[in-house]
Amino acid sequence: MEKYRFKGWDKKTKRFYYITNFICNDGEIDGVSFVGEKFQSLDEVELFLGSGLKDMRGNEIFEGDIISLGNRNREEVMIVKFENGEFAAAKIPLKEIHHEVKVLGNIREIDNEGELKWLTP
């Protein structure tokens, strides 16, 4: 049986947390709980599915992650998406390139100017 990992973007705190439990009611998911946190409804959280793959530095890659492929001379920045039953970046299957990429951040960590918040001075 495959295991799936999720991380959740807390819309209030504007931070990511790993999901520990899904709370269900009558077969429907009502909310989630984070590591060390109480229940939060799905209205308060955006979920991102883990690919099960790691980048060249050992970081797990999730849907919505911004990754870089290449080196200083030629670097391509892409967003990871889950489409047609697989994870891909710029239509390249992630399973073919994951060991060559670096996770830079996630789409929720971009500011109004299009910069990754933690990279902006």
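1. Lys95 is exposed, with a relative accessible area of 56%. The side chain of Lys95 meets that of Glu86 in a salt bridge, at 4.0 Å from N to O. Glu86, for its part, is partly exposed, at a relative accessible area of 31%. The model is a predicted one, and the points below should be read with that in mind.

2. On the count of such pairs: there are five salt bridges. Among them, Arg5 pairs with Glu60, and the closest N and O atoms are 2.7 Å apart. This contact links distant parts of the chain, since Arg5 sits in the segment before strand E1 (6–10) while Glu60 belongs to strand E6, 55 residues apart. Arg5 is partly exposed, with a relative accessible area of 43%.

3. Another of the salt bridges is formed by Asp65 and Lys7, with 3.5 Å between the closest N and O atoms. Asp65 is in strand E7 and Lys7 in strand E1, so this pair ties together parts that are 58 residues apart in sequence. Both Asp65 and Lys7 are buried. The cut-off matters for reading this point: buried stands for under 20% relative accessible area, and partly exposed for values between that and the exposed class, which is over 50%. By that scale Glu86 is partly exposed at 31%, and Lys95 is exposed at 56%.

4. Strand E7 (residues 65–70) deserves its own entry. Five of its six residues are buried, so the strand is largely enclosed by the rest of the structure. Strand E7 is joined to strand E11 (residues 101–106) by five bridges, and the two run antiparallel. Within this pairing, Ile66 stands opposite Gly105 of E11.

5. Strand E7 is also joined to strand E8 (residues 75–83), again by five bridges and in the antiparallel sense. The bridge partner of Ile67 in E8 is Met78. E7 and E8 make up a hairpin, and four residues lie between them.

6. Turning to the sheet that contains E1 and E6: six strands form an open sheet in the order E4-E3-E2-E1-E5-E6, with antiparallel pairing. Strand E4 (39–41) and strand E6 (60–62) stand at the edges with a single partner strand each, so one side of each has no neighbour in the sheet. Neighbouring strands of this sheet are turned by 50° against each other on average, direction ignored. The edge strand E6 carries Glu60, the partner of Arg5 described above.

7. At the other edge, strand E3 (residues 28–34) and E4 pair over three bridges in the antiparallel sense. Val32 stands opposite Gln40 in E4.

8. On the surface, Phe22, Ile29 and Leu42 make a nonpolar patch of about 220 Å². Phe22 is found in strand E2 (residues 15–25). The relative accessible area of Phe22 is 34%, which places the residue in the partly exposed class. Patch members must have over 30% relative accessible area, and the value for Phe22 is 34%.

How values were computed: Residues numbered from 1 in each chain as written. Predicted model: local features only at pLDDT ≥ 70, side-chain atom pairs only at ≥ 80, totals over all residues. Heavy atoms only, no water. Pairing = 2+ DSSP bridges. Axes fitted to C-alpha atoms, helices over the stretch in contact; angles between N-to-C directions. Patch = residues over 30% accessible without salt bridge, like charges linked within 9 Å, V, L, I, M, F, W, Y side chains within 5 Å. Areas by Shrake-Rupley, 256 points an atom, 1.4 Å probe, with all protein chains shown as cover. Buried < 20%, exposed > 50% of the residue type's maximum accessible area, 1.4 Å probe, protein only.
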